[in-house]
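Thank you all for making time this morning. I would like to walk through one structure with you, so please have the sequence and the model open while I talk.

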Amino acid sequence: MQAPENIASRQVPGYLGLAVSASKLGFGKLFRKRQILLEGFLSFIAGRFNTSEALRDELKGTQGWINLCLGMRSEDNKIEAAIVFKDGAVSVLKKIPQNVETVIIFKTSDNILDMTDSTPDEMYKMMLTGIIRTEGNIMLASLFNYLMALVFDKGQQKAVDRQIEEHKKANKSVGREVADSDQCRQDRPKRKISRVTGRKVDPGVKYLADPHLASYGLEDFPRLDQFRAAYFGKAKEAVVCHEYGKLITDFHLANGYEVDQNDNPWDPNLRKAESLKYILEHRTPVIRENDLLAATYTTSPVSTCVGHPFSIGCYSWGELRSFAKRELMPYEISEESIQILHKHVFPYWVKRNIHELWRSRTNSGLPVQIHDRFFSVYYWKTISMSEVPPGHEALVKLGTQGMIRKIEEELERDEHADDEKKNTLKAMIISLEGVNAYARNLARRALEESKGEKDQRRKAELEKMHQMLLKIPEHPAETLYDAVQNIILMHICLGMESTDDGPMYGRLDQILQPYFESDMNKLAAPQKRDDYIKQIIEILGCLYFIESSHQILAPDIGNWQNGGSSPNGTITLGGVTPQGEDAVNDMTYILLKVTELLALNNPNVHARYKPGVNSLDYLKRVCDVNYITGATPCIHGDDAVIEALTAHGWPIEDVRDWVVNGCVEPAIPGKHCSATSSIEFNLVAPLEMALNNGKHPLMNWKLGPTTGIIEEGDFETFEDFWKAFKGQGEFLFGQSIIGNNQLGEVYQEHQPAPLISSMTEGCIESGRGVTRGGAKYNSSGVSVIGMADVVDSLMSIKKLVFDEKVCSFAELKKAIDNNFKDNPKLHTLIKTRAPRFGSGNEESVTMANRVTSMVHDYFVSHKNYRGGHHATGWWSMANHTVYGRVTGALPSGRLAGEPFTPGLTPHPSASPNLLDNLRDVAKLDPKTLDNNIAFNVKIVPSSKDSHERVIEIMANYADTYFRMGGMQTQFNVISTDMLKDAMANPEHYSDLMVRISGYVAYFTRLQRDLQMEVIRRAEYKI
């Protein structure tokens, strides 16, 4: 077989060759000669590296040369070439060799022309629509982006800057629609000032005379005010820190990965535990200046990114030099960090990251292909183990030494334990010893700082912190301060073990209340009790700022998929106790006060409410905080959630203890490996495939089964089409389960979690970690996107095509295919005549229940890789905008490119009456919503409404909804004018929060499509 021709090596060498390549690049672009353009493009890159020592140095890694073989071609193979970086030399091939590691594929040969002129916004749309896609090792594609940026940095930045300016102009135009911008800017500060007092009516509130703590404002807490000013005043969104990546890479370089130092197979649990212990022993102990709690995610305590290189961090290789200059979520990164990540960390994980391990072990199987094309299924496991709620209550009661004793006792008890159990339990002990080592390092740091501290008050704080860290977390907490320090320290260590978006705080009010009561009982004088309450607010405020100090190291495309989403460490308040009694207590209200004062999007705060048990006064306070902050907390109906969870046969005492996981998902703390966001599923995809006989129109991919051709009259009844939709759905559901199980096995072999397993009931007794099914309860969560769009589309087809015969199915299909351009009359008819979910139409509710049941029944009938069930929920993060942007017109009348509705929120045009929305959502069967829902409600008070009247109306709406059976709702109490003014004048709104679909985001940091989606939501006047 003849070797492929090496263009670069056979052309005139050196600078003359570079000039020739540049000419080819320009000629190809000017005269639209695609193959010449591709060859010139790659040859120009090769020439630059071959003639520049500075660029060549970028190919020298700490473990040898950084090599890469990357191909580029069109789907029809009309253009094709490859670039090879080998031992410091770069060459270009006319044909893609068989040993290619990754290939970038263009839908048509014309797309190479589009790529060279694209803004980032346009480039991401090309990726999401499948115009550009990658096959092979995607981390190497990210490496190529990094190398390409070194050559074309100025041109790429011009495109970024052009996009930024275009968006600024467009946003200013939106702002001109605002009637009174001054009123918009004064509204939120007024809410903070006009605080209302509360009554002591909840039986669990024992010490707070005014549960609202209305006398306190942020001005009473200078420390917290200072932290908040620093957080919102930072120049960049976060600082990218290389410390974690370097430590974990150093450990494995020294100790091995696939095998240990003695070339023996290494038990995954022991390998993970030893690496975690090394990281915790060697990471820099940092105590933020003036902080009351010790522990930080990285060396940058205000706002930072960790970036686990085996998961989400690996996707950022290509953007190391553009982080600081991008439009959305710009990160600060030092040259030292760039060099360490590029030359030392990322090369080691090229073949050891989760996605590549999955792809290689399945030989790029169908689930991998579906995931990589973005159009239907996204597996959260490619970047995270997914959310699991650890048992913090056991930790604060036992301490790590008590937990270690419990593990040792199990090892002694079970004489016949197999090797996996022995290794799993040993790994738990090693991990807990790592936590202790980190605490001791922090204790030494506190002592060192106290010795040099001249301010006597701060000196005393550091000395107290030192003494506390000598006993915490090894020994049980004795005070509330101990308990909070214990929880935040372990929380960060759990984030070091797995991608730091998973561990939850759980029911902090229930965990902390006994310590609060014990501390208060030691104080007799009213003034001392008041001082203590103020101190607790400060301590908890510090916890909030530590949690908010870390951001997910997301590549720019991640900002489009889940724009503005924080790591979502959740706190759950209120509800009922395991015995079914009112769980609202003093700490519930204190945590609500901290949430009100700080108005942060992370931690993600959630309030449980059980009508008839929890007081309406408590619900009013929850709504009060939501009104003051604009978007938090989220509210959940205990009746519906408990009904959904008890359907699994779990004991009612455990179910009543449920917490919010991730965005909105329910889980049982300390007993449940819930993995609640494992699968993100776009339900519109099987609808489109049913309309196109198994082909996805955007991808032009005949993926699904053959179910019928509309144009040939294959559907005589609506039931015929329902069977097609169900068939396409179940095909994709099945693929999503296969992929999730495959990824679960990757985690079992490569990224088990012995530390969180030690805090999860069942794992010690069984000797199996959470990734191996050792938890008492096991499940995998599915978030389904596009419910209202699908239901409205099905109703349009049923009523207009089959029931009323207003048009033929072929006529409707033709109108959809051309985005209703040739049939505006039909489009108007659909929008005015077809029933919509959320309008109060009973048939639409029946259709919605049919859809949710169809999805739930399939998933619940299939076990996951841990032997547990699948739970289905209806929340979308920001993917309702992403998927909508790349989806064609729908039978619902939605036009191509428009966002889907978020979560299961009805379409804004469904009804002008909020009660219609509330009633329809509340009528959904909670048993089919066992992974919860996201239901957005945008309420806009009149400027004439008093603070008291606003919260009373909000609480009455919420109470009515939950009494009707509602599961969850999230209020955005922000006017459309305020949002428009924020787009035009973001400098006045850096802390403006909005609920997206389960999570809270700062509005001015969202991608523009998502901002417009929030603005277009239905607005209900109070």
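Let me begin with strands β15, residues 634–637, and β25, residues 968–972, which pair in the antiparallel sense over two bridges. If you look for His-636, you will find that its bridge partner in β25 is Gln-968. I should say at once that this is a predicted model, and please keep that in mind throughout.

Which sheet do these two strands belong to? They are part of an open sheet of six strands, in the order β13-β14-β15-β25-β24-β28, with mixed pairing. At the edges stand β13, residues 570–574, and β28, residues 1019–1021, and each has a single partner strand, so one side of each is left without a neighbour in the sheet. From one strand to the next, the twist averages 30 degrees. For anyone who works less often with sheets, strands pair through backbone hydrogen bonds, in either the parallel or the antiparallel sense.

Which helix packs on this sheet? That is α36, residues 947–963, which touches β14, β15, β24 and β25, and the direction of α36 makes about 160 degrees with that of β25.

Two of the strands touched by α36, β14 and β15, bring me to the peptide bonds. Asn-602 and Pro-603 are joined by a cis peptide bond with an omega of about 10 degrees, and Pro-603 sits in the loop between α22, residues 586–598, and β14. The bond from Thr-632 to Pro-633 is likewise cis, with omega near 5 degrees, and here the proline lies in the loop between α23, residues 616–629, and β15. While we are on backbone geometry, please also look at Asn-77, which is not a glycine and yet has a positive phi of about 60 degrees; Asn-77 is found in the loop between β3, residues 68–74, and β4, residues 80–86.

Now to the charged pairs. How many salt bridges are there in the model? The count comes to 68, and I will show you one of them, between Lys-343 and Asp-57, where the closest N and O atoms are 2.9 Å apart. Because Lys-343 lies in helix α12, residues 335–348, and Asp-57 in helix α4, residues 53–57, this pair ties together parts that are 286 residues apart in sequence.

Let me turn to the open spaces, and to the second largest pocket, which has a volume of about 820 Å³. Of the 29 residues that line this pocket, Glu-327, Pro-330, Pro-986, Thr-1004 and Arg-1005 are the closest to its centre. The elements that give two or more residues to the lining are α7, α9, α37 and α38, and α7 gives the most, with five residues. By class, the lining has 12 nonpolar, seven polar and 10 charged residues, which may be useful to have in view as you turn the model.

Finally, the enclosed spaces. The structure holds 10 cavities of 30 Å³ or more, and the largest cavity contains about 70 Å³ of space. Which residues lie nearest the centre of that largest cavity? Among its 11 lining residues, they are Met-385, Leu-494, Ser-498, Pro-503 and Ile-756. The lining of the largest cavity divides into five nonpolar residues, five polar residues and one charged residue. I will stop there and take your questions.

Definitions and conventions. Residues numbered from 1 in each chain as written. Predicted model: local features only at pLDDT ≥ 70, side-chain atom pairs only at ≥ 80, totals over all residues. Heavy atoms only, no water. 1 Å grid on protein atoms, 1.4 Å probe; cavity = no way out; pocket = protein on both sides within 12 Å on 5 of 7 lines; lining within 4 Å. Points joined across faces, edges and corners; volume = space filled by probe spheres on them. Nonpolar A, V, L, I, M, F, W, Y, C, P; charged D, E, K, R; others polar. Pairing = 2+ DSSP bridges. Helix = DSSP H or I, 4+ residues; strand = E, 2+ residues; numbered from the N terminus. Axes fitted to C-alpha atoms, helices over the stretch in contact; angles between N-to-C directions. Contact = heavy atoms within 4.5 Å. Salt bridge = Lys/Arg side-chain N within 4 Å of Asp/Glu carboxyl O.
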